[in-house]
Amino acid sequence: MTILALETSCDESAAAILQGDTHPPALLASLISSQIDLHRAYGGVVPELASRNHALRLHPLVAQTLDAAGLSIHDIDAFAATRGPGLASSLLVGHSMAKALALASGKPFLSVNHMEGHLLSPFIESDAAPPPHLALVVSGGHTLLIHVEGTGQYKRLGTTIDDAAGEAFDKVGRLLGLPYPGGPEIERLAKDGDPAAYAFPRSTPGDLDFSFSGLKTAVLYTTQKLDDPSQHTADLAASFQAAVLDVLVSRTIAAARRAGVKLVSLSGGVSCNKALRHALAQACAAAGLDFHPCSSSLSTDNAAMIGYAAWLHLRQGDSSSLSEDIDPNLPLVATS
Ligand code: KG4
Ligand code: ZN
């Protein structure tokens, strides 16, 4: 089974090829054409610019990915693409291209939830398919605690009631005058700062949910009171990051206990953050839980994770109709 997967949910055009009949499939190629530099000038992603660039870049990217894998388009057995969540006009580019390739070749099409891609990505190189576990998925748009019971069987135990963790990093980055995206910039600055310099709030709304908008406002008020905030960015970044990590880690351990599982996984763009990986690894060890983070190279948006989710679904007999539409607000779990 050889799958070609496309990912165009936001500002990265990505294509990947996975091959194999037993777990794990071999990742033959995974290419990303990033538009971050184009959007940086605007301080965030501009949807029309993103979709037009996907349309320009995707075709040559697919050709390069096939070349890198040493395959031709005729060797592909199934085509996959991200259905949502994401920017509508961006999603349409990759989704329509994968549907067109499936239509022309008569091969199966798989329409994949972007968050399911992130969720499953820690297991791409594992010997076995994802076992039942607790997943923390932290990206630019989502903060999810999911009890994974099997492929496609997900129970949501917690989510954010306002900003996502990555969104909070990006907004605080903008507030501190840092380039987009703020997450990696804040992590870099935080290394030289004092995490106890400012006592930012650790908001813990009902049950296992998250809230980051009060924290962002607390950073804003603190900077407004400083004579020259630019002299304190490292301490502000370190104190902000410590507050985000505290709640992410404590709620993840609580959710794992609630789910009664022995394993915790970590994925999504924010999982690039080494301080988060380290803090969660330590907390899991202290709680007697195994910890399985996504590899850093697959943490931010990529098509390998979309191909892997498609591969797991195909293996259990799932496929999508060519009349499947994109869904910019596609939830991972219908109800909590
Ligand atoms: O998963 P992703 O690539 O795209 C979405 O599906 O949203 O996540 C992007 C998010 C951005 O908010 C970015 O600031 C954040 O991940 N991010 C980080 C780091 N690297 C990326 N946040 C904190 N620390 C990082 N090192
Ligand atoms: Zn993502």
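**Notes on the pocket and the zinc site**

1. Start with what lines the largest pocket: 13 nonpolar, 14 polar and 10 charged residues. Keep in mind while you look around that this is a predicted model.

2. How much space lies in the largest pocket? About 1000 Å³. Its lining is made up of 37 residues, and if you want to find the centre, look for Ser139, Gly140, Gly141, Asp170 and Tyr180, which are the closest to it.

3. Which helices should you colour in? H1 (36–40), H4 (114–120), H5 (165–175) and H6 (182–190) each supply at least two residues of the pocket lining. H5 gives the largest share, with six residues.

4. Now zoom out to the domains. Domain 1 (2–125 + 299–315) and domain 2 (133–294) both give residues to the lining, so the largest pocket lies between them.

5. Next, the metal. What holds the zinc ion (ligand 2)? His114 and His118, each through NE2, and Asp301 through OD coordinate the zinc ion, at 2.0 to 2.1 Å. Along the sequence, these donor residues follow the spacing H-x3-H-x182-D.

6. That spacing is worth tracing on the structure. His114 lies in helix H4, while Asp301 is in the loop between strand E10 (290–293) and helix H10 (304–315), so this pair ties together parts that are 187 residues apart in sequence.

7. Are these two donors buried or exposed? His114 counts as buried, at 5% relative accessibility. Asp301 has a relative accessible area of 17%, and because the cut-off for buried is under 20%, Asp301 is buried too.

How values were computed:
Residues numbered from 1 in each chain as written. Chains lettered and ligands numbered in written order. Predicted model: local features only at pLDDT ≥ 70, side-chain atom pairs only at ≥ 80, totals over all residues. Heavy atoms only, no water. 1 Å grid on protein atoms, 1.4 Å probe; cavity = no way out; pocket = protein on both sides within 12 Å on 5 of 7 lines; lining within 4 Å. Points joined across faces, edges and corners; volume = space filled by probe spheres on them. Helix = DSSP H or I, 4+ residues; strand = E, 2+ residues; numbered from the N terminus. Nonpolar A, V, L, I, M, F, W, Y, C, P; charged D, E, K, R; others polar. Domains from an automatic or database assignment. Donors = N, O, S within 2.8 Å, 3.2 Å for Na, K, Ca; no water. Buried < 20%, exposed > 50% of the residue type's maximum accessible area, 1.4 Å probe, protein only.
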